[in-house]
Amino acid sequence: MFGVICCPKCRFVTGVDLQFKTKKCIKCNYQINLKKVRVMFKTEDNSELGDLIIDAKKRVENGNIFIDSY
Ligand SMILES: [Zn+2]
């Protein structure tokens, strides 16, 4: 299962493999805890991930990010 998440520090949108617990943001180097960040989209289809990331980036630009505060 793949997911699209947004870095809580710098709002960089990235795709992740949800079998992992953490993901290091390639932009700001922040160690993102995948248990604590809201997954914006989920998909089983790797080929779909690119489109979902593009969609998620648009939402972040519009300020419509679904991240739990913690
Ligand atoms: Zn970041």
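User: Is N29 buried or exposed?
Analyst: In this predicted model, N29 counts as exposed because 10 other C-beta atoms lie within 10 Å, and the cut-off for an exposed residue is 12 or fewer.

User: Where does N29 lie, and what is its phi?
Analyst: N29 sits in the loop that runs between β3 (22-24) and β4, and its phi is near 70°, which is a positive value in a residue other than glycine. As background, most residues other than glycine have a negative phi.

User: Which residue in the turn between β1 and β2 has a positive phi?
Analyst: That is R11, in the turn of the hairpin that β1 and β2 form with 6 residues between them. The phi of R11 is near 65°, again a positive value in a residue other than glycine.

User: And how exposed is R11?
Analyst: R11, which is placed in the loop between β1 and β2, counts as partly exposed because it has 16 C-beta neighbours inside 10 Å.

User: How do the two strands of that hairpin pair, and over how many bridges?
Analyst: Strand β1, residues 2-6, and strand β2, residues 13-17, pair in the antiparallel sense over 5 bridges. To give one position along that pairing, F2 has D17 in β2 as its bridge partner.

User: What sheet does this belong to?
Analyst: The strands belong to an open sheet of 3 strands, in the order β2-β1-β5, with antiparallel pairing. Because β2 and β5 stand at the edges with a single partner strand each, one side of each is left without a neighbour in the sheet. Ignoring direction, neighbouring strands of this sheet are turned by 25° against each other on average.

User: What about the other pairing, β1 with β5: how many bridges?
Analyst: β1 and β5 pair over 3 bridges, in the antiparallel sense, and within this part of the sheet G3 stands opposite K42 in β5.

User: Staying on β5, what does F41 touch?
Analyst: F41, which lies in strand β5, is in contact with G3, V4, L52 and A56, once its neighbours within four places in sequence are left aside. F41 counts as partly exposed because it has 18 C-beta neighbours inside 10 Å, whereas a buried residue needs 20 or more. Looking further along the chain, F41 and G63 are 22 residues apart, and their C-alpha atoms are separated by 16 Å.

User: Changing topic, which residues make up the largest nonpolar core?
Analyst: The largest nonpolar core has 9 residues, namely V4, I5, C6, C7, V13, I32, V37, M40 and A56. The element that gives the most to this core is β1, with 3 residues.

User: Take I5 from that list; what does it touch?
Analyst: Not counting residues up to four places away in sequence, I5 touches T14, V16, I32, L34, V37, V39 and M40. Of these, I32, V37 and M40 are also named among the residues of the core.

User: Last one: where is K35, and is it buried or exposed?
Analyst: K35 is found in the loop between β4 (31-33) and β5 (41-43), and it counts as exposed because it has 7 C-beta neighbours inside 10 Å.

User: And how far is K35 from M1?
Analyst: From C-alpha to C-alpha, K35 and M1 are 14 Å apart in space, while in sequence they are 34 residues apart.

Methods:
Residues are numbered from 1 along each chain as its sequence is written. This is a predicted model: local features need pLDDT of at least 70, side-chain atom pairs count only at pLDDT 80 or more; totals for chains, interfaces and linings use all residues. Two strands pair if DSSP finds at least two bridges between them. Helices (H or I, at least four residues) and strands (E, at least two) are DSSP runs, numbered from the N terminus. A nonpolar core is a set of buried Ala, Val, Leu, Ile, Met, Phe, Trp, Tyr and Cys residues joined through C-beta atoms within 7 Å. Two residues are in contact if their C-beta atoms, placed from the backbone, lie within 7 Å. Axes are lines fitted to C-alpha atoms, for helices over the stretch in contact, and angles run from 0 to 180 degrees between N-to-C directions.
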